[in-house]
Amino acid sequence: MLSYLFFCASYAKAQNYVFAQLTGTPVNTSGWNFQGGARVANVTGTGNSEILLCPVNSGSGAVFYNRPINLSLCSKWKAEFDFRMYDGTVADGLTFCFLDVPPTGFVSGGGLGIPATANGLKVCFDTYNNCTTPSTLNVPKIELRWGLGYGGSGTESGECSSQPTRDNSDGKLSFIRSSNYNHAKVEYENGKISVYVNDVLYLAGNQQFNFSGYLGFTASTGGQNDNHSIKNVIIYTEMPPSEAGNDADICPGDTIHLGTINDPNYLYSWSPAVGLSNAGIANPLAYPSNNTDNVVQQKYYVNTSFAGKTGCASVDSVIIKIHPNPKAAFAVPLICLPNATATFTNQTTIGDGTLALATYHWSFSDGGSSTAQNAIKTYAVAGSYSAKLKATSGFGCVDSVVNSFVINPQAQLSLTVLDEFCRDTAMQFNGGVINGVSINKWLWDFGDHAIDSIQNPKHIYINADTFSVSLNAITSEGCRTDTTIKNVIINPLPVAAFGFVGLSCRDQQIVFSDSSKPSIGNITSQAWTFGDGGLAGGSVTTHVYNSDGIFPVSLSVKNSKGCNSRLLTKNVVINPSPAVAFGLPQVCNGIIGLFSDSSTISDGTAALFTYKWNIENTVYTTTAAQHAFANPGNYSVKLVVKSAKGCSDSLTKTVAISSYPVTDFAILTTDFCGNLPLLIKDNSSVNYAGIDRLKVFWNWPATDDTSEFNHPSAGTVYNHTYESFGYQPQRQVNVKVQAYSTGGCYTEKTASSILFASPRLVFTPIQVYCSNIDQNILLQNARDTSSFAGTGFYYGDGIVNKQYYNPSLAGTGNHLITYKYTLVNGCFDSVSVNARVAPQPVVNAGSDVTILEGGTTTLAGTAIGGNTLSYTWAPSTGLSNATILSPTATPVSDTYYTLKAVNEDGCSNSDEVFVHVLKTPLIPNAFSPNHDGINDTWQITYLNSYPGCVVQIFNRYGQIVFQSVGYSKPWDGTYNGQPLPVGTYYYVIDTKRITRKLSGYVAILR
């Protein structure tokens, strides 16, 4: 598709190009910058269609169009607007301006809001005379002023200069200050200036302006209080008209002509150039693309300028909407013979929301077509086919799709199963396919309300009857098959029954007899299980149980149809036998021993037991038996126990009868220090059986200091340490030993030994010291409390000269310190304590860091040395928390921070970090390189803190006029050694430290 957007243009139209305007309700302020008290308001009406430059309550304001015009290139413009000054007593006035820099500050009083540094044309409507010379000027007055500023006094300064002025001496300007709006028109052409009010020419002048400036309005109430307002502002310039053409809708792949017929007096520039045949002609061919599912908008701008004045240009734009192609799609249904009527469901989508406007065309591989949204077609033969759908959107965008599909044949099934089967038994059913079609799901109906979905299921019938079984299926393509039917006969089951006789104790024979019914035919076999692992067959059988308890006996029978009965189970009770147990006495020969019964039975009838003991051929029938053996030796004892139901059991044990022991021992240490162990050697013996235990009394006749040793061995050495004593030179101890035989009888022996006095030491704890303490500390923590003379000394980590302790020498950690003391009798002893040296914290405040002014950093403090550390940063100024390791720091200037850490033992250490704060450069927006020694260079405060910064300055055409790495020498307003003209320049500063680049405007003033 090729579209054309051509429009005619004329050179005459270029004379009245609308450059800027403030019109509409509410007023459209797009492109205008407001300063001071200026704002959109309702002054005389409603709807916010007026601009109030400054209100009644004394102030200044301005509004300027933000696009400059270069009068050295565009030498003609015309401004028309309505203005009003009223509602108070009287006020200063308002001005239509052409200035090199839009105002950023204002003057009051006679200044009409015009900045003192503003250079350009001022068309003034002044209602107050601030001049003393000449003082005869009558107001209101209309003035043409050019040069810097407006206010001041004298004959040639500002308001009072001799530049063109029209006062109200004839009374014809009294209407200027009025409650009604007046219509003003200001024309400029190559230096000729004409001022009209209400279509009457009141003032004219000549002054050439050949620089780029901004058009707008200023106003001030001075010391008075009128409202100053404007509306219906239209500014025309001598610019060529730009015609981009009308907005259009196209499809992907289409092309379209933009713009208008070429005029040789103009130059054309289109942007973006991508997608255009030529970006430098009036009517390029556009071929924008769209690879998405949505509408894509492409906006093209055309810049039109005079061939001889390339800087005097206008801009227009056109929007091309590239609608997406439809996404043709449709769903193919499952189509099966014999009823193969298919509905093709349209699933086409269009991303621009115009699906309701789409049209469709269907075509089929076996012939035929359709224009319905959803096509319907009937097939008679199985096989492969295809269909094509072409979709066309409401904008003529097209897409198509072809889908293949299959007409599926109907499957034929087979059903295989036995003709007869038994009730309650799993019956096997087999399904098959005769014509080879693939089956996805099988559908069985067994005739008893049960169904299944696998190919070869098993099924159990719970009733005896004849059932009709049916099978059909769904193929892999989703087609349903025909139905196959077969009848099956289900036979009844036999009923099992039996009885038994001969209940008794274990190991007794029991007889079991079958009495089952066949239900159909006759009984052909029996299967018995006896509950203890035993099995049998036959109508009559016997079984013997080898243990007592309740045993489930089961019978299953089979009839002549091959059907098995349900299992019949009955419980058989086998009575328990006693569990015989008794205890043996431990006695020596000649002493009566007691044999006690502890037999049990599972049915709880132990109280009804009868007993028979046999000991040395003597029979006892009591529950417990008493018997004395004349000689030591091993003897056999038997007990028979019978239950109340006659079930019995027996147990035989051997009892050992021991002889009396011979107690004997020897003291191996005599005349020794009392804090050393006493050693004795056991020599006890027995003629028969063995020694069961020794009992030693170490301080006889006292019995509180006693030891016992079980199953001792002759020759074993035993030791005992007595409590140290230092109040007498020596003392005697008596030792008594008793030896017990396994029969419980004993003998004893006593012997004596002498003990000498030994030291009695105490050692108070040593206090905790920090590891940085490097000095010898006299230890007085240990001493001897005995009454005898002697000498002592210390040893261990950190001990110096056996009497002093040095923590630093010992090192961090726990150290065992020992004190040894020796009496004059040669007996000695020692005592130890743990002395702990606490670690000195290791503190690191982190690496020095540099941040930007107003920025933050996290101090990376670390500290180790102790289980619990407390932290303090100093100073705390600028810190989020001065008591944590890693506070957030936001200092306003360079700061040294000190981190101190103290552990739980009071040991401390500290470290320091420096935070350097980079100040944000302070960039002035103007300087005056006029060599008067004041503000001659562009001085940027703090920029010297960024030694690698890159400074670039551009003129209004984008050319670099100054560039430096670092800023050691400030810019003096020159380029290649020559002074640059007064004007506004754009700067970009890359500090290499601040993330964003600094940019803005700087003005050169003279």
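Two residues are in contact when heavy atoms of theirs lie within 4.5 Å of each other. With that in hand, and remembering that this is a predicted model, let us start at serine 771. Setting aside neighbours within four places in sequence, serine 771 is in contact with Ser808, Thr812, Val837, Ala838, Pro839 and Gln840. If you want to find serine 771 in the viewer, look in the loop between strand 65 (769-770) and strand 66 (777-778).

Is this serine buried or exposed? Buried means under 20% relative accessible area, and serine 771 counts as buried because its relative accessibility is 16%. One of its contacts deserves a second look: a polar atom of the serine 771 side chain lies 3.0 Å from the backbone nitrogen of glutamine 840.

From here we can turn to the charged side chains. How many salt bridges does the model hold? The count comes to 20, and three of the pairs make a good tour.

Begin with arginine 84 and aspartate 87, whose salt bridge has its closest N and O atoms 2.8 Å apart. The two partners sit in contrasting surroundings. Arginine 84 is buried, with a relative accessible area of 5%, whereas aspartate 87 is partly exposed at 38%.

Next comes the salt bridge between lysine 486 and aspartate 419, where the closest N and O atoms are 3.5 Å apart. Lysine 486 belongs to strand 39 (residues 484-491), while aspartate 419 is in the loop between strand 31 (413-416) and strand 32 (420-422), so this pair ties together parts that are 67 residues apart in sequence. Lysine 486 itself counts as partly exposed, with 25% relative accessibility.

The third pair is arginine 836 and aspartate 905, whose side chains meet in a salt bridge with an N to O distance of 2.6 Å. Here too a strand is joined to a loop: arginine 836 lies in strand 72 (residues 828-838), and aspartate 905 in the loop between strand 79 (895-903) and strand 80 (908-918), so the pair ties together parts that are 69 residues apart in sequence. How accessible are these two residues? Arginine 836 is partly exposed, with a relative accessible area of 30%, and aspartate 905 also counts as partly exposed, at 25% relative accessibility.

Finally, some salt bridges share partners, and in this way Lys141, Glu143 and Arg145 are joined into one network. That makes a pleasant last stop for your own look around the model.

Conventions: Residues are numbered from 1 along each chain as its sequence is written. This is a predicted model: local features need pLDDT of at least 70, side-chain atom pairs count only at pLDDT 80 or more; totals for chains, interfaces and linings use all residues. Side-chain values use heavy atoms; hydrogens and water are left out. Helices (H or I, at least four residues) and strands (E, at least two) are DSSP runs, numbered from the N terminus. Buried means under 20% relative accessible area, exposed over 50%, partly exposed in between (1.4 Å probe, protein chains only). A polar contact is a pair of N or O atoms within 3.5 Å; within protein, one must be able to donate a hydrogen and the other to accept it, and residues adjacent in sequence count only if both atoms are side-chain atoms. A salt bridge is a side-chain nitrogen of Lys or Arg within 4 Å of a carboxyl oxygen of Asp or Glu.
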